[in-house]
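Visitor: I'd like to look at this protein with you and ask where the labels come from.
Guide: Sure, here it is.

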Amino acid sequence: MADVTDATFATEVVERSHTVAVVVDLWAPWCGPCKTLGPILEQAVAATGGAVELAKVNVDDNPQTAQAFQVQSIPAVYALRDGKVVDGFIGAQGEAAVAEFVQRLLPTEQESEVDALVAAGDEASLRRALELDADHEGAVVGLAELLVAQEQGEEALVLLERIPETAEVRRVAALARTGVGAGNGDFEARLEDLLGQVKADPIARQEFVDLLEIMGADDPRTSVYRRRLTTQLY
């Protein structure tokens with residue numbers, strides 16, 4: 001179970017739902033039925049052993065998320081898979097109804113097989129997973145990263161076009177385009193070289209952005225160079 005905010009919703013719910021079904025519980029502290037439903041939801045989701053996850057959103061503190069769901073009354077519960085709402089209900093429900101709702105979100109036998117293949121992580125397993133589910137995000141990203149390591153960047157980029165863009169997809173695509181590894185370390189010299197070219201040269205601009213994707217948002221230099229890029233362009 002996770003308490004999700006407007007700021008973390010995209011990552012903890014939308015992106016996460018490409019890997020596992022996520023149940024979103026929209027509630028508020030003053031809502032009596034919410035207090036009744038909450039523990040029932042938590043128990044039903046916990047019983048799946050991680051096959052379904054629960055995200056709780058306090059609508060008073062997170063109006064953007066409430067507005068996105070067009071919430072008019074609470075409790076309101078929605079299930080997301082692959083970034084889309086696939087099921088939901090409004091109002092308090094009993095244990096049997098909630099358990100049935102959560103059970104409908106469990107992966108099928110084929111989906112479980114695909115997940116096992118993706119967890120194995122070798123090329124043969126990932127290719128078999130994509131035979132069963134051509135757009136499985138974990139299989140696509142995993143195989144693309146293996147292809148990049150084998151210097152088959154073009155095939156990796158074609159593969160990544162199958163799925164929606166996420167932070168992880170952007171990172172692997174950047175690796176494929178640049179042909180460098182995240183562990184290659186200090187990109188500052190190359191970024192400095194490119195900085196003077198980004199305004200006039202779209203190829204240089206793409207490489208600059210790709211290097212920032214590889215460095216990642218947690219690298220303090222990334223925000224510095226993003227600001228410098230904006231200054232150069234505008």
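**Rings, a helix and pockets**

Guide: Let's start with tyrosine 78, which is buried, with a relative accessible area of 17%. By the way, this is a predicted model, where local features need pLDDT of at least 70 and side-chain atom pairs count only at pLDDT 80 or more, while totals for chains, interfaces and linings use all residues. Residues are numbered from 1 along each chain as its sequence is written, and side-chain values use heavy atoms, with hydrogens and water left out.

Visitor: Why is tyrosine 78 called buried?
Guide: Buried means under 20% relative accessible area, exposed over 50%, and partly exposed in between, using a 1.4 Å probe and protein chains only. Tyrosine 78 has 17%, so it counts as buried. Phenylalanine 69, at 13%, is therefore buried as well.

Visitor: And what makes serine 112 partly exposed?
Guide: Its relative accessible area is 37%, which lies between the two cut-offs, so "partly exposed" is the label. You'll find serine 112 in helix α5, residues 109–120. (A helix is a DSSP run of H or I with at least four residues, a strand is a run of E with at least two, and both are numbered from the N terminus.)

Visitor: How do you know that phenylalanine 69 and tyrosine 78 are stacked?
Guide: Rings of Phe, Tyr and Trp (its six-membered ring) pair if their centres lie within 6.5 Å; planes under 30 degrees apart count as stacked, over 60 as edge-to-face and the rest as tilted. These two have 4.8 Å centre to centre and 15° between the planes, so they are a stacked pair. Ring pairs also link Phe9, Phe69 and Tyr78 into a cluster.

Visitor: What makes the pair of phenylalanine 89 and phenylalanine 101 edge-to-face?
Guide: Here the centres are 5.0 Å apart with 90° between the planes, so the pair is edge-to-face. Phenylalanine 89 sits in strand β5 (residues 84–90) and phenylalanine 101 in helix α4 (residues 95–103). Both of these phenylalanines are buried.

Visitor: Which classes of residue line the second largest pocket?
Guide: A pocket is an open set of points on a 1 Å grid over the protein atoms alone, where a 1.4 Å probe fits, with protein on both sides within 12 Å along at least five of seven lines; lining residues have an atom within 4 Å of a point. Ala, Val, Leu, Ile, Met, Phe, Trp, Tyr, Cys and Pro count as nonpolar, Asp, Glu, Lys and Arg as charged, and the others, Gly among them, as polar. This lining has two nonpolar, four polar and three charged residues.
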